[in-house]
Amino acid sequence: RPGEGVTTDSEQKVFKAAVEGRPIFYAGTLSVSPSYEVPGDVDFNTGNIKFNGHVIVKGNVLDDFNVECRSIEVQGVVGASKIKCEGPITLRGGVNGRDRAEIETKKGSAHIKYVNQAKVIANEAINVDREVVNAILWCRGRIKAEKIIGGECLALGGVEASILGSELGVSTIIEPGADYEVRKIDNFLSDLGDQIEKILRPVQTFLGDKARFKSLPDEKKEEYKKLLEAFLTAKEKYVKLSELRQATLANESSQPVKEVIVRKTVFQDVFVRTDLCMKQFKKQLTGPVALIEDVDSSTIRPARYVPGKGVVDDEEAES
């Protein structure tokens, strides 16, 4: 289908660019996005960038500078910065985030050289050419990386890597088949639950005891009435978020893939968990291997994995 900046003939067989820019094909629609090129770094000379099109950064994105756009390609390194996109993200020099970088695409995928101490969120896949170190990766597609050391990887479409963890036993959390949108809601629900508990703590002794409440001074009565109103408001939010959680689970467009493919090594202190199962690996495991659910035992078990065939039993592997 023709999108913004594209014209077509009556039979939709010939498409032409109506404006200068970068062609983008997404969800069956061909469009042309205007481009903005930064010849050097994103720094004090450029300031923060907000552009409704494709951004090309020839240099680096320095610490504490932000970029908002439809899609982006950075040829250098991204520091402790925030990059927010509608579409695809390509970071050819990697990310050194210092636990402050946030990289997010609402509709596309992310392709990054390496990720160090950063948070990356993608609606589709996350592909990392080299290592992921002490980072948080959330996506609704598949995470692929050479090494994943420390941090947390949550991917609705499963996880694939050559190496998980390190010889030093760094705690590494892998959650295949999990939806980060649900995780966001769970985090809100947890914070809201703590807020409700804090509100109720000073007034719970008076709930259901009208005589005791009437004996309080007027100032205290007003104070507790305000707390009760705050409780009812928080409770309403909690119910709505719970309903949103159920709706999100029901509307998942992709089937959860609850498997982790490891081509070489799983080191100790790697945690793999799903909504039903969990396992902490206490000994080194050599691949290629698939880590899959064993619901009957509520654990994650290693299964034989053959490249090109997937998870197979011994007879299939030999054939």
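In this predicted model, the second largest pocket holds about 320 Å³ of space. Of the 15 residues that line the second largest pocket, the closest to its centre are G177, A178, D179, V182 and D275, and these are a good place to begin when you look for the pocket in the structure above.

To place this lining within the fold, it helps to turn to the helices and strands that contribute to it. At least two residues of the lining come from each of three elements, namely the strand β20 (172-176) and the helices α1 (180-200) and α3 (218-250). Among the contributors, α1 gives the largest share of the lining of the second largest pocket, with 3 residues. Sorted by class, the residues that line the second largest pocket comprise 8 that are charged, 5 that are nonpolar and 2 that are polar.

We can now move to the largest pocket, whose volume is about 370 Å³. This pocket is lined by 15 residues, and those closest to its centre are I24, Y26, R70, G87 and P88. Here the elements that give two or more residues to the lining are the strands β3 (22-26) and β4 (29-33).

Which element supplies the largest share of the lining of the largest pocket? That share belongs to β3, which provides 5 residues. As for the classes of residue, the lining of the largest pocket contains 5 nonpolar, 5 polar and 5 charged residues, whereas the lining of the second largest pocket, as described above, divides into 5 nonpolar, 2 polar and 8 charged.

Notes. Residues are numbered from 1 along each chain as its sequence is written. This is a predicted model: local features need pLDDT of at least 70, side-chain atom pairs count only at pLDDT 80 or more; totals for chains, interfaces and linings use all residues. Side-chain values use heavy atoms; hydrogens and water are left out. On a 1 Å grid over the protein atoms alone, a cavity is a set of points where a 1.4 Å probe fits but cannot get out, and a pocket is an open set with protein on both sides within 12 Å along at least five of seven lines; lining residues have an atom within 4 Å of a point. Grid points are joined across faces, edges and corners, and a volume is the space filled by probe spheres set on the points. Helices (H or I, at least four residues) and strands (E, at least two) are DSSP runs, numbered from the N terminus. Ala, Val, Leu, Ile, Met, Phe, Trp, Tyr, Cys and Pro count as nonpolar, Asp, Glu, Lys and Arg as charged, and the others, Gly among them, as polar.
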